[in-house]
Amino acid sequence: MFKLPELPYDYNALEPYIDEATMRVHHLGHHQGYTNGLNAAIEGTCYENMSIEEILKKIHVSETAIRNNGGGYYNHNLYWSIMSPNGGGEPTGSLADAIKDAFGSFENFKDQFKKAGLSRFGSGWTWLLNRHGKLSICTTPNQDNPLMRFSECIGTPILGMDVWEHAYYLKHQNKRGNYIDDFFNVINWEEVKRRFEESK
Ligand code: MN3
């Protein structure tokens, strides 16, 4: 059985960038829902004793309940972990070098990441991912994820930004760009770097 992970900070810790009401309904409502849906969908199947990463890598495109709820479970685990009340600023060390290699500069990366987030029509995610040591940006619809073999982009996600309206609507209403600007103030670059190192 998968469990809803506890947040590594208080619900109001990301204020003023991400508000407490959004964090509560996002974690206790949406993420709990994906967790319950995943557990129900894998019960009695070959996926029952696998890790969430294994499940996402193995599923077929037509396994909709596991695709949506398993993706939602994993994506939100990642999302909480790559934010922090002490976040923001710029990455350092190996990750800073890899971003410079791939995008020319951190500012270019930031521009491209924001544009990608704005360009995803409807609900989905924006990713920074590592594929064979090369970083790239992509977006996926719904709760799809670059670990899924049928995903629009394949690789190991090291940074994920939720661009579903439920991630920002209470505070930012329809202004997704303002949410993205605020998101950059809470990115936990140390955790993104750890995930980058682990993905090598
Ligand atoms: Mn969400």
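This report covers the sheet, two helices and the nonpolar core of a predicted model.

## Basis

Local features need pLDDT of at least 70, side-chain atom pairs count only at pLDDT 80 or more, and totals for chains, interfaces and linings use all residues. Residues are numbered from 1 along each chain as its sequence is written, and side-chain values use heavy atoms, without hydrogens and water.

## The sheet

Three strands (DSSP E runs of at least two residues, numbered from the N terminus) form an open sheet in the order S2-S1-S3. The pairing is antiparallel; strands pair if DSSP finds at least two bridges between them. S2 (134-141) and S3 (156-162) are the edge strands, each with a single partner, so one side of each has no neighbour in the sheet. Neighbouring strands are turned by 25° on average, direction ignored.

S1 (residues 124-131) is joined to S3 by 6 bridges. Trp 125 has Asp 162 in S3 as its bridge partner.

## Helix H7

Helices are DSSP H or I runs of at least four residues. In H7 (residues 176-183), 6 of the 8 residues are buried (under 20% relative accessible area, 1.4 Å probe, protein chains only), so the rest of the structure largely encloses this helix. Among the buried residues are Arg 176, Asp 182 and Phe 183. Their cover includes H3, H5 (106-119), S3 and H6 (169-172).

## The nonpolar core

The largest nonpolar core (buried Ala, Val, Leu, Ile, Met, Phe, Trp, Tyr and Cys joined through side-chain atoms within 4.5 Å) has 56 residues. Met 83, Phe 109, Leu 159, Phe 183 and Trp 189 touch the most other members. Helix H3 (residues 64-81) gives the largest share, 6 residues.

Conventions: Buried means under 20% relative accessible area, exposed over 50%, partly exposed in between (1.4 Å probe, protein chains only). Axes are lines fitted to C-alpha atoms, for helices over the stretch in contact, and angles run from 0 to 180 degrees between N-to-C directions. Contact means heavy atoms within 4.5 Å.
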